[in-house]
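Please look through the sequence and the model below before reading on. The paragraphs after them are meant to be read with both in view.

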Amino acid sequence: MAKVRKQKFGPGYEFYCPACGSLHATGDHTFNGDVDAPTFAPSIMAAPGQVPRGGVCHSYISSGRIIYAGDCTNGPNGNRPIPFDVELPDLDEVERTLSESGQYTKAAEVQSA
Ligand SMILES: [Zn+2]
């Protein structure tokens with residue numbers, strides 16, 4: 001099951017960040033080509049508009065896991081998320097769950113709004 005997919009608009013790939021509860025995108029990072037167990041390099045600094053609560057979301061994506069860097073401020077009380085090393089969720093599953101609960105608008109819909 002795919003944990004990342006090519007961006008519709010943009011040069012990189014997008015993934016769902018469980019700490020921010022939103023999609024983030026890579027830039028022109030190197031990618032191992034495995035959407036089920038992705039590894040990107042170097043680390044990913046989410047753009048300000050991609051961090052709903054503000055602050056910094058800085059992560060490493062390695063073998064399908066997201067590892068939050070020590071300088072993240074998107075966790076509880078402006079600290080690094082806990083746990084800081086988690087499995088990236090499957091994108092289709094996230095979108096199904098959140099669209100059923102009405103909490104999520106697909107990135108494509110946001111882009112065209
Ligand atoms: Zn994030």
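What follows goes from the nonpolar core to the strands beside one another in sequence and pairing.

This is a predicted model, and a convenient place to enter it is its largest nonpolar core, which has 18 residues. Within this core, the residues with the most contacts are Phe15, Cys17, Cys20, Ala46, Cys57 and Ile61. Strand E2, covering residues 13-17, and strand E8, covering residues 65-68, each supply at least two residues of the core, and E2 gives the most, with four residues.

Cys57 shows how separate parts of the chain meet in this region: leaving aside residues up to four places away in sequence, Cys57 touches Cys17, Ala19, Cys20, His24, Ala46, Val51, Cys72 and Asn74.

Strand E7 comprises residues 58-62, and its two faces differ in that Ser59 and Ile61 lie on a covered face, whereas His58, Tyr60 and Ser62 lie on an uncovered one. In a regular strand the side chains alternate between the two faces of the sheet. Ile61, on the covered face of E7, is also among the core residues with the most contacts.

Which strands pair with E7? Strand E6, residues 44-45, runs antiparallel to E7 and is joined to it by two bridges, with Ile44 having Ser59 as its bridge partner in E7. E8 also pairs with E7 in the antiparallel sense, here over four bridges, and Tyr60 has Ile67 as its bridge partner in E8. E7 and E8 form a hairpin with two residues between the strands, in which Ser63 takes a positive phi near 50 degrees.

Key: Residues numbered from 1 in each chain as written. Predicted model: local features only at pLDDT ≥ 70, side-chain atom pairs only at ≥ 80, totals over all residues. Core = buried A, V, L, I, M, F, W, Y, C linked by C-beta atoms within 7 Å. Buried ≥ 20, exposed ≤ 12 C-beta atoms within 10 Å, placed from the backbone. Contact = placed C-beta atoms within 7 Å. Pairing = 2+ DSSP bridges.
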